Each structure stands twice: as C-alpha cells, then as structure tokens.
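Student: Could we go through this structure together, one question at a time?
Tutor: Happily! Here it is.

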Amino acid sequence: MQNLSKDQVLKIMERYENDPQQLIAVLLDIQAASGVNCVEKQWAQLAADVLKVPLSKIFDVLTFYAMFSTEPRGEFVIEICRSMPCFFTKTAEVVRWFETAAGIKMGETTADGKISLFYTSCVGACDVGPVAKIGDDVFGNLSEEKVKTLVKCCREGKSEPQVRQELQSLCQN
Ligand code: FES
C-alpha cells in the first residue's frame, strides 16, 4: 500500500490553485492517491490550512458524501443494499456469499487491501434486487455465481466493462 506524502498532497491542491471552491475535487484526488481509499485526518488538516477552510467544514463534506471515508478501506468498496425491497430479496444470503467469497466480514477489508464490504441504502435499482454497488457501478439480480465473479474481478483489478462481460457470460443481468 502506498503512503501519501505531504508533498503529494500539496501538489494535488496546487493543481486546483489552492482554490477552496474546489474542495470536493481536492478531497477526491487525495482519497484516490491515498492508497487506502480514504482521506486521513492529517491530510484533512493540511487541506484546511492550505485552502483556508475550517476543518469542521471539511469533515462535514467527508461525512455527508457517501463516496468519502475517513477510515482506511480497500481499493474496491463493495456496498450491499439492505433497504427494502432488496432486503426481501435475500440480502442476508447475499451478504453471506460476499463474506465467504472475500474471506472477510461486513465492515472489514481484505489483507491485500483490495476489497472492503459495507452496507448501503437504496441505490435506486430496486427492480433488479438484490443489488451491490462497486464505485459508481450497480450490479443486480445477484446470484452466488455472480458474487464470486465480482469478488474475483475485484481481486484481479478488472475494469467495470470487463466485469459486466464476465457477468453476462453467467446469465442475463
Ligand atoms: S432497495 Fe435496494 S436498490 Fe432500492
């Protein structure tokens, strides 16, 4: 796992001309470069100092938007929907499949830093539940085979189109 340096964080902010209006873009880039898929407290503090934004405002942003985390996460964050009606389409079973395939429990990250498992609320794809979201991509009609394929693809760092191709070969999505 790569460790971000102060210089790298300063350079990210310079790319945006240290403009506080670009706070979200800056935080996204810091998170992407972190190697642990989160914005750590020391970098939030540095951003507050350089952009001249109150630290409390930065934490408001980091906690308001679901794409941010202040805790280390895997490269791929798999979020399993547990809202109704997904819940009624066997969320518990889907969770078990993911936990077994990834070898971790919900809320944990694999030792290789590739995969984290979390719950999410409705992602607007209720008609194809049960559903999991990885980044911006939603995968529906999950079966045990699909879950195994998703986890394997994350481990191998495959792109979303490659993953969809593999899933389509399993069954209709
Ligand atoms: S309830 Fe799961 S996507 Fe809507």
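Student: Which residues touch the most other members of the largest nonpolar core?
Tutor: This is a predicted model, in which local features need pLDDT of at least 70 and side-chain atom pairs count only at pLDDT 80 or more, while totals for chains, interfaces and linings use all residues. Residues are numbered from 1 along each chain as its sequence is written. A nonpolar core is a set of buried Ala, Val, Leu, Ile, Met, Phe, Trp, Tyr and Cys residues joined through C-beta atoms within 7 Å, and a residue is buried if 20 or more other C-beta atoms, placed from the backbone, lie within 10 Å of its own (exposed if 12 or fewer, partly exposed in between). Of the 24 residues in this core, those touching the most other members are I78, F98, A132, V147, L150 and V151.

Student: And which elements each supply at least two residues of this core?
Tutor: Helices (H or I, at least four residues) and strands (E, at least two) are DSSP runs, numbered from the N terminus. The elements are β1 (76-81), α5 (91-102), β2 (115-120), α6 (144-156) and α7 (160-170).

Student: Which residues is F98 in contact with, leaving aside its neighbours within four places in sequence?
Tutor: Two residues are in contact if their C-beta atoms, placed from the backbone, lie within 7 Å. By that test, the partners of F98 are I78, I80, L117, V147 and V151.

Student: I78 and L117 both appear there. In what sense do β1 and β2 pair?
Tutor: Two strands pair if DSSP finds at least two bridges between them. Here I78 stands opposite L117 in β2. Over six bridges, the pairing of β1 and β2 is parallel.

Student: Now for α2: why do its buried residues line one face of the helix?
Tutor: The buried residues of α2 (residues 23-33) are V26, L27, I30 and Q31. The arc is that of the directions from the helix axis to the C-beta atoms. Seen down the axis of α2, the buried residues line one face because they fall within an arc of 135°.

Student: Which helices do those buried residues pack against?
Tutor: V26 and L27 are also among the twelve residues of a second, separate core, which includes V9 and I58 as well. The buried residues of α2 pack against α1 (6-15), α3 (41-51) and α4 (55-64).

Student: How many Å separate the centres of domain 1 and domain 2?
Tutor: The bounds come from an automatic or database domain assignment, which divides the protein chain into domain 1 (6-64) and domain 2 (76-170). Taken over C-alpha atoms, the separation of their centres is 29 Å.
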